[in-house]
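Hi,

Here is the structure I said I would pass on. Have a look at it first, and then read my notes underneath.

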Amino acid sequence: MEKQLDPIKDDLPLMANTSHMLVKHYTLDLDVDFKSQIIEGIIVFFFETGSQYRKTSSTNEEGCQSQFDETCKIRASEPCQVPVTSVSACSSKTEYNDFPVCDKGGKDTSDKNGNHSNEEQASGISSSKNCCDIENHGSMDFLLVLDCCDLSVLKTEEVDVAAVAGIEKFTKSANPTDASKDMGNLRNQIVHELVTLPADRWKEQLYYYTRCSQAPGCGELLFTTGSWSLEIRKSGVRTPRDFPHAIRIWYKTKPEGRSIAWTTDQSGRPCVYTMGSPINNRALFPCQEPPVALSTWQATVRTAAHFVVLMSGENSAEPVQLQEGVLSWYYYVTMPMPASTFTIAIGCWQEVKQQPFTADVQTSSDFSLPFSQADLRWHEECCGHVEYPCRFQNPAARLQAVIPYRVFAPCCLMESCKELVLQLIPQCLSAAYTTLGTHPFSRLDVLIVPSNFSSLGMASPHVIFLSQSVLPGGRHLCGARLCHEIAHAWFGLAIGARDWTEEWISEGFATYLEDIFWAKAQQLSRDEVKGQQELKALLRWRRLRDEVQNSEEELQVLRPNKENTGEVSDSGASVVKHGLKAEKIFMQVHYLKDFLYMLLEDIPEQKESGLTIESIFQNWLDTSGIPKPLLEEGETWKECQLVQQVSGEVAKWIQTNQRIRKSGKRKRKQGEVIFQKLLPDQLVLLLESLLEEKTLCPRTLQCLEKTYELHEQDAEVRHRWCELVVKHKYIPGYGDVEKFLREDQAMGVYLYGELMVNEDAKQQELAYKCFAAAREHMDVSSAKVVAEMLF
């Protein structure tokens with residue numbers, strides 16, 4: 001699959017040569033500076049030799065070279081970064097509060113040997129010394145390729161793990177003869193023993209990762225940075241097996257880096273958080289991005305004392321004061337996951353806490369499985385994943401319906417979070433447990449992110465980001481979205497796709513389970529569940545129909561690589577199809593084109609009718625448009641009671657509109673029309689149906705808004721109301737449109753296009769005004785899509 005990768009194209013390149021060397025653990029040591037909007041730090045990598053080279057001899061240089069030559073074909077390197085005159089040293093030791101010290105007798109010499117003085121770093125690193133010049137230095141050297149973008153790499157070096165006190169225990173199985181001949185072999189053997197420790201020794205492993213990451217350096221490595229990669233080599237080393245398996249990199253992020261957003265929260269305080277897309281974490285730290293690269297990590301983060309650091313970590317970090325005005329936070333994970341799932345959010349967040357002695361806080365016991373069902377979970381089969389301290393093998397975790405959770409928000413949203421989010425989380429967690437069993441992760445932080453967040457939510461290990469858009473309008477949107485993100489703990493995090501081109505694998509499952517979890521959380525009857533799910537299915541069908549009519553066909557295909565899905569180069573490099581296409585992020589097809597309902601509900605009948613894997617691929621994954629089974633199923637959803645109720649209300653509004661039009665300006669007394677109370681999803685369907693009407697009078701729209709108090713409804717309802725306002729040029733509603741574009745940026749992108757398409761001067765002025773106010777802090781992809789609509 002080797003081919004030239006053009007970074008200007010819409011495909012996202014994953015450059016790391018994971019088949020040669022695979023990261024098993026990252027240790028990050030970071031300083032966060034809000035004034036310069038830079039994260040500066042040191043990262044230490046612990047590698048295993050990649051899958052291709054565990055079976056071959058390290059002396060097979062000829063075979064290795066042919067594969068390295070192939071790797072070179074997909075690189076487009078630029079000159080390496082010349083460092084600034086000063087790099088801050090590793091200013092503190094990692095805190096050990098969260099795991100026991102396994103070797104108390106060993107003296108820690110890391111400060112003496114591991115930290116590099118400012119004098120040493122100020123000398124600078126010349127580009128000729130550190131750039132990997134293949135022509136001058138020889139093409140036979142092995143190149144380690146990491147995914148990297150928008151970073152200033154300052155220095156790379158090998159780490160002398162053999163200098164760590166007490167490390168001798170990891171050299172017992174090393175061959176003494178080989179070790180005496182080559183210290184490099186000894187260091188690599190130590191790293192191998194460390195990364196392959198059994199799961200029950202994870203605390204000891206974490207401790208020695210920390211000690212090794214503080215060990216002295218034993219030689220600088222040569223490097224060069226490209227548009228999408230960082231390449232590192234050691235002169236004379238020709239194979240991955242002989243390349244240093246512990247390396248340290250000094251680097252800085254850039255304010256414009258696309259992996260993190262520097263912005264302000266809803267209270268006007270500065271904050272920064274990881275974006276999650278489209279380029280994942282490569283502009284936060286050099287890493288291996290391909291999904292096969294599963295690793296653990298630990299991170300120490302230092303920042304000003306008034307900031308709270310939230311991160312993907314199994315521990316609920318407690319800050320440690322290093323000096324006046326500076327706190328240090330430490331997190332770790334022991335479950336191997338892709339580096340893209342690493343999440344960090346730093347801001348003046350406040351924890352939302354339940355008031356003491358408040359009524360009716362539902363606990364895990366309110367939602368636990370009946371004992372007979374829970375007892376069966378003790379007999380689950382062993383897991384088939386790589387070894388790590390797995391919660392599914394922990395009897396206590398198996399019975400934990402509600403994992404420990406916390407909620408964080410800016411101070412201005414504390415009350416709404418207390419009344420809504422804090423109450424919903426245990427219900428949603430427990431509903432997930434009753435459906436799927438043991439939670440994959442041991443704890444959960446939920447953060448209300450700033451208004452420029454580009455979606456309604458995002459799930460990461462131990463952390464869920466929620467948009468402020470889910471807060472207004474009651475429980476429905478917030479609860480459903482929480483359920484969706486909780487479902488990603490299983491589908492997307494604990495279980496992930498091998499090809500990131502196929503979002504449907506995680507989003508389809510999460511969308512399907514969202515309805516099941518939310519129905520359980522509400523404790524609905526069987527009939528209520530059926531009615532709500534059919535209503536939701538119809539809404540999704542309509543959304544899919546509209547998207548199919550208004551989007552590129554190639555973006556509607558869920559499996560664009562077809563039989564080549566998951567294929568990588570010999571080095572392990574690959575591409576994410578359409579990964580850089582800004583508009584793809586806002587498409588819903590991967591959520592909506594979901595065959596799970598049919599597949600899971602009707603398997604016996606479908607098997608009898610000849611359902612095959614090939615037919616599923618053909619109908620659902622390999623073609624654009626709406627799958628044939630969905631076209632047939634869509635008609636049946638229209639017959640459900642909740643939908644029929646909406647149809648009756650739509651008819652009333654059409655009749656009301658006709659009467660108002662006939663009466664003109666005369667205030668003729670009308671017979672009072674009684675409108676029924678509707679569920680939020682019914683309101684969405686009502687407004688969507690009214691959007692199909694050619695003309696609605698201003699008085700009709702005024703009556704509609706007043707009847708349902710639309711400005712106080714959830715964001716899904718208000719979005720449809722804004723569409724009605726724009727379509728019918730209802731000037732009294734322009735304030736609602738402006739408010740929506742300002743506060744609900746996760747949903748308002750295409751509303752800009754609707755403001756422009758009418759070619760109405762006032763509406764276009766409104767679009768320009770809102771975009772000008774939001775653009776500076778807007779998500780990059782959102783800003784790109786909106787700019788294309790406006791200019």
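Below is what turned up, starting with one sheet and moving on to salt bridges. Keep in mind while you read that this is a predicted model.

**The sheet**

Five strands make up an open sheet, and going across it you meet them in the order β17-β18-β19-β21-β20. The pairing in this sheet is mixed. At the edges sit β17 (350–352) and β20 (457–460), each of which pairs on one side only. On average, neighbouring strands here are turned by 25° against each other, if you ignore direction. Helix α13 (residues 421–436) packs on the sheet, where it touches β17, β18 (405–409) and β19. The direction of α13 makes about 145° with that of β18.

If you want one strand to zoom in on, I'd take β21. Strand β19 (residues 444–448) runs parallel to β21 (residues 463–466), and 4 bridges join the two. Two of the partners to look for are I464, which is bridged to V446, and L466, which is bridged to I448.

β20, on the other hand, pairs with β21 in the antiparallel sense, over 4 bridges. There you'll find M458 standing opposite F465 of β21. β20 and β21 form a hairpin with 2 residues between them. H462 is in that turn and has a positive phi of about 75°.

Which residues of β21 are buried on each side? V463 and F465 are buried on one side, and I464 and L466 are buried on the other, so both faces of the strand are covered. That fits the usual pattern: in a regular strand, side chains alternate between the two faces of the sheet.

**Salt bridges**

Searching the whole structure gives 29 salt bridges. Here are three that sit within helices.

- K530 and E534: their closest N and O atoms are 2.7 Å apart. Both residues are in helix α16 (residues 526–549), 4 residues apart, which is about one turn of the helix. K530 has 49% relative accessibility, so it counts as partly exposed. E534 is at 14%, under the 20% cut-off, and is therefore buried.
- K652 and E649: here the closest N and O atoms are 2.9 Å apart. Helix α22 (residues 641–663) holds both of them, 3 residues apart, again about one turn of the helix. E649 counts as buried because its relative accessibility is 1%. K652 is partly exposed, with a relative accessible area of 23%.
- E743 and K739: these side chains meet in a salt bridge at 3.1 Å, N to O. The pair lies in helix α26 (residues 734–743), 4 residues apart, about one turn of the helix. Both ends are partly exposed: E743 has a relative accessible area of 27%, and K739 has one of 38%.

There is also a network to look at. R542, E688, E692, E716 and R720 are joined into one network by salt bridges that share partners.

**Where to click**

For a quick tour, begin at the hairpin of β20 and β21, then follow β21 across to its parallel neighbour β19. After that, go to K530 and E534 in α16, and end on the network that includes R542 and R720.

Cheers

How values were computed:
Residues are numbered from 1 along each chain as its sequence is written. This is a predicted model: local features need pLDDT of at least 70, side-chain atom pairs count only at pLDDT 80 or more; totals for chains, interfaces and linings use all residues. Side-chain values use heavy atoms; hydrogens and water are left out. Two strands pair if DSSP finds at least two bridges between them. Axes are lines fitted to C-alpha atoms, for helices over the stretch in contact, and angles run from 0 to 180 degrees between N-to-C directions. Contact means heavy atoms within 4.5 Å. Buried means under 20% relative accessible area, exposed over 50%, partly exposed in between (1.4 Å probe, protein chains only). A salt bridge is a side-chain nitrogen of Lys or Arg within 4 Å of a carboxyl oxygen of Asp or Glu.
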